[in-house]
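Colleague: I'd like to go through this model with you before I head back to the bench. Could you start with the surface?

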Amino acid sequence: ALGEANGVWKYDLTPPIQTTSTLYERGFENIMKRQNKEQVPPPAVEPKKPGNKKQPKKVATLPNQNQKQGRFRSLEEALKAESLHGYRICIQAILQDKPKIATANLGKFLELLRSHQSRPAKCLTIMWALGQAGFANLTEGLKVWLGIMLPVLGIKSLSPFAITYLDRLLLMHPNLTKGFGMIGPKDFFPLLDFAYMPNNSLTPSLQEQLCQLYPRLKVLAFGAKPDSTLHTYFPSFLSRATPSCPPEMKKELLSSLTECLTVDPLSASVWRQLYPKHLSQSSLLLEHLLSSWEQIPKKVQKSLQETIQSLKLTNQELLRKGSGNNQDVVTCDMACKGLLQQAQGPRLPWMRLLLLLLVFAVGFLCHDLRSHSSFQASLTGRLLRTSGFLPASQQACAKLYSYSLQGYSWLEETLPVWGSHLLTMVRPSLQLAWAHTNATVSFFSAHCASHLAWFGDSLTSLSQRLQIQLPDSLNQLLHYLRELPLLFYQNVLLPLWHLLLEALASAHKHCHEACRGEVTWDCMKTQLSEAVHWTWLCLQDITVAFLDWALALISQQ
């Protein structure tokens, strides 16, 4: 009603007038004078000529109008005839002194606001009147905004006033500590969605204005003790951090999640509970932690390391069960491994150092030989001669050459005879060993992998229990011991086993082809003899080539 009567005023957010006793006296004196003047009957009007018909009507209506203005049965009747500036001053004065009058029945005022939703002028009048309580008290102003203006924030005709009022309220109260405890998760996350979610009911300019107010709203929401309240915000932050959310919103969510983990210790336990059902969101958070690990305090890194180890065990369990989100689990597992490596500190790259040392040694030797044009004149040759290593190596090469010739002649005489005799003796044993080998391979293929995995999990759990009690060097040693069986199994046993199976398969295929489909002992004996002969020729060629190289090296000296 106030807004409709004052058609000139639309969104008047001028600061409240500081009322004084003089202002009150002047205001009420003027009102009384006007009322007294209006209650006095008007002077008698002289009669006019009968030709003027319109003048008597005006004179007749004046007494009735003055009589109505003098006696008002209700405020609504008064609002139809009187100016409203005085009423606005009175509302501001009352709510500055007693702001709780406006917040005592916010539910009733919200129903009134919704009942007049089709009449924006009345709604804005109600919002303006109730909003005057916030200019004297931040707590009451936040109550009005959260209870009256936030529910209508998506309405096009009311949203500009609501956001402008919030901006004005926070500017008038820069000390936000008086508003702690007013905004909770239920009110905070709708504001987050309005500020960062595109294509909502707010215009781009209003959304940008709300984004500028968001940091102060975040401070109000987290309150005076964020170390004990942030874990209540963590689930809603995590559920919104999807891979498809807008970039600005994703950046804000990941930053807030990191703040929750670093400030409130209970956020880590909340994350562990939510982790299996929020793998895609957790993968984004883990990758963000991996990229910003150096910015996290050292004390927090240790607590996060325990959480990440727990998540890694969950990943292994999910991979073993074969859940539907294998790609998310693999991404999370890789991020967990990277975080654990960063948490353990940089490792010394022994393999790279050895390779670098070998390259340096070869380069130095080549440069030494090239600059002195011979091995005898080179620095390496002189060093080997003065140390006595070169003569000893020459004698060793000569003896090795003579022994190799003797061994070659002996093997040439005895190997065919002993080979055929040995093959005759061990044929039944080879057949029995082949059957036992098949059974053993079947048994190991069925049980070895599971036992090794169980052993690795046992070492993992044991290392986690001892990690808190042991120093870092022992923790690193336990980590190496835990990875050693799995490394040996993956890099040694499995390749050898696959190589053996391929060799046996190729040998079996070769025997079938050589024996023309019928594998007999005579055929096997012939093939073994050929294999031994071929092996012996290869060894002979290698030995001759090595001896020629050694003799050539010795002759240069």
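Modeller: Bearing in mind that this is a predicted model, the accessible surface of the chain comes to about 36,000 Å², and carbon and sulfur atoms account for 62% of that area.

Colleague: And how much of the chain is buried?

Modeller: Of its 557 residues, 29% count as buried.

Colleague: What about helices and strands, how many of each?

Modeller: The chain has 23 helices and zero strands. As for its contacts, among those between residues at least 6 apart in sequence, 70% join residues at least 24 apart.

Colleague: Back to the surface, which residues form a nonpolar patch there?

Modeller: That patch is made up of Phe-488, Val-492, Leu-493, Leu-496 and Leu-499, which together have about 440 Å² of accessible area.

Colleague: Take Leu-499, where does it lie?

Modeller: Leu-499 is part of helix α22, which covers residues 472–514.

Colleague: Is Leu-499 buried or exposed, and why do you say so?

Modeller: Leu-499 counts as exposed because its relative accessible area is 52%, and the cut-off for exposed is over 50%.

Colleague: Different spot now: is Gln-207 buried or exposed?

Modeller: Gln-207, which lies in helix α12 (residues 204–222), is buried, because its relative accessible area is 14% and buried means under 20%.

Colleague: Which residues is Gln-207 in contact with, leaving aside its neighbours within four places in sequence?

Modeller: With those neighbours set aside, Gln-207 is in contact with Phe-194, Ala-195, Tyr-196, Met-197, Pro-198, Asn-200 and Leu-202.

Conventions. Residues are numbered from 1 along each chain as its sequence is written. This is a predicted model: local features need pLDDT of at least 70, side-chain atom pairs count only at pLDDT 80 or more; totals for chains, interfaces and linings use all residues. Side-chain values use heavy atoms; hydrogens and water are left out. Helices (H or I, at least four residues) and strands (E, at least two) are DSSP runs, numbered from the N terminus. Buried means under 20% relative accessible area, exposed over 50%, partly exposed in between (1.4 Å probe, protein chains only). Contact means heavy atoms within 4.5 Å. Accessible areas come from the Shrake-Rupley method with a 1.4 Å probe; for residues, only the protein chains shown count as cover. Patches are made of residues with over 30% relative accessible area and no salt bridge: like charges are joined within 9 Å, nonpolar side chains (Val, Leu, Ile, Met, Phe, Trp, Tyr) within 5 Å. A salt bridge is a side-chain nitrogen of Lys or Arg within 4 Å of a carboxyl oxygen of Asp or Glu.
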